[in-house]
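Reader: I'd like to go through this model with you and ask what stands behind each label. Could you take me through the reasoning?

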Amino acid sequence: MDLTGNLLEETPADGGLTTGAVARLLGVAPTTLRSWDRRYGIGPAARQDGRHRRWTGADIAALRQMCALTSSGLPPAEAARTVLAGTAGPAEAPRPPHASRASGPLPVGRARQECRGLARAAVRLDAPALDELLTAVLDRYGLPAAWDEVMMPVLHAVGRKWETAGERYIEVEHLLSWHVSGALRGVAAGRAPAPGAGAALLACVPGETHTLALEALAATLTQQGLPVRMFGAAVPAGALEDAVRRTGPGAVVLWAQSRRTASPALVARLDAIEWGVRGARRRPVVCVAGPGWAGRQPPGARHLSGLADAVGALGTL
């Protein structure tokens, strides 16, 4: 799918793409594009009204070459000289000895435009671009759509890539995960939780280190004014039991990424915990989430099939 062509068809015949649109397309921070224009002359051939940048197809082709060269490890100044001299073809990107082993594209498939931009920024290890793109998708789509339709597909693409390439792309996954986590934690609360509302306790089961899906759930619940306690990765069983007794949550959500870590015995232990005065004792609603529970839902537990389902279910407790 020629994403650049599709975007250009949507613009006026006498114009081009704005800097923001190009940044989303290529996964480059707008400040980086302006810097390349100012410092190296890699910019639009014409400006609307003499001031505002409008990028044509030819301009974007030059930017693609610039991105490929810098992703391969070439310093921006040298990459710009190569592009301006016309010595780098569309698929050419000389690889210096220190070049990253993870400079190829990520297989995001037929996903949103922002997925491609985010994937390209991650492969380039472009931290400023990751922050700007993540902020933009959260502002544009909100949670949980930004998670379901942009963040998660790119994270899955990175995961598939390094699983089939040994240790390659691990640095890409770690950087992307760090910035996604930071973006989720930056989501502001929409309102204060209602007095007396039972909190949702979120935790990964023992041995489970994948926390981002729970972080997306915690951010969404917080944004909707629902009380939440996020305990993160690999919480020991005894610690989980103690936390349930001490906080008296309305619900407990246990995340398991793999069948190896999913523990029906832990669900039963948490489901049996009671608190409160005699005659009015309560138990938490135990929920399970994540691919590790697929096909093995423990008795008495509620299975949460996705972020929207989890938010809806917990909001009614």
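Author: Happily; this is a predicted model, and we will go through its sheet, its cores and its pocket.

Reader: Let's begin with the sheet. What makes β4 and β7 edge strands?

Author: The strand order is β4-β3-β5-β6-β7, with parallel pairing. β4 (228-230) and β7 (302-304) each pair on one side only, and that is what the label refers to. From one strand to the next, the twist averages 25°.

Reader: How do you know that β3 and β4 count as paired?

Author: Pairing takes at least two bridges, and β3 (residues 200-204) has 3 with β4, in the parallel sense. For example, A200 stands opposite V228 in β4.

Reader: What makes β3 and β6 partners of β5?

Author: The test is again at least two bridges. β3 and β5 share 5 bridges in the parallel sense, with W255 of β5 as the bridge partner of C204. Another 5 bridges join β5 to β6 (residues 285-289), also running parallel; there, V252 stands opposite V286. Both pairs therefore pass the cut-off of two.

Reader: Why is β5 called largely enclosed?

Author: A residue is buried when its relative accessible area is under 20%. In β5, 5 of the 5 residues are buried, so the strand is largely enclosed by the rest of the structure.

Reader: Which residues of β5 lie on each face?

Author: A251, V253 and W255 are on one side, V252 and L254 on the other, and all are buried. That fits a general pattern: in a regular strand the side chains alternate between the two faces of the sheet.

Reader: What makes V253 stand out in the largest nonpolar core?

Author: That core has 50 residues, and V253 is among those that touch the most other members, along with W147, M151, L176, V180 and L217. Leaving aside residues up to four places away in sequence, V253 touches L201, L202, A203, L214, L217, C287, A289, L304 and L314. There is also a second, separate core of 21 residues, including L240 and W293.

Reader: And the largest pocket: which residues lie nearest its centre?

Author: H156, H210, A213, W255 and Q257 do, out of 34 lining residues. The volume of this pocket is about 930 Å³.

Reader: Which element gives the most to its lining?

Author: α8 does, with 9 residues. Other elements that give two or more residues include α9 (170-185) and α10 (212-223).

Definitions and conventions
Residues are numbered from 1 along each chain as its sequence is written. This is a predicted model: local features need pLDDT of at least 70, side-chain atom pairs count only at pLDDT 80 or more; totals for chains, interfaces and linings use all residues. Side-chain values use heavy atoms; hydrogens and water are left out. Helices (H or I, at least four residues) and strands (E, at least two) are DSSP runs, numbered from the N terminus. Axes are lines fitted to C-alpha atoms, for helices over the stretch in contact, and angles run from 0 to 180 degrees between N-to-C directions. A nonpolar core is a set of buried Ala, Val, Leu, Ile, Met, Phe, Trp, Tyr and Cys residues joined through side-chain atoms within 4.5 Å. Buried means under 20% relative accessible area, exposed over 50%, partly exposed in between (1.4 Å probe, protein chains only). Contact means heavy atoms within 4.5 Å. On a 1 Å grid over the protein atoms alone, a cavity is a set of points where a 1.4 Å probe fits but cannot get out, and a pocket is an open set with protein on both sides within 12 Å along at least five of seven lines; lining residues have an atom within 4 Å of a point. Grid points are joined across faces, edges and corners, and a volume is the space filled by probe spheres set on the points.
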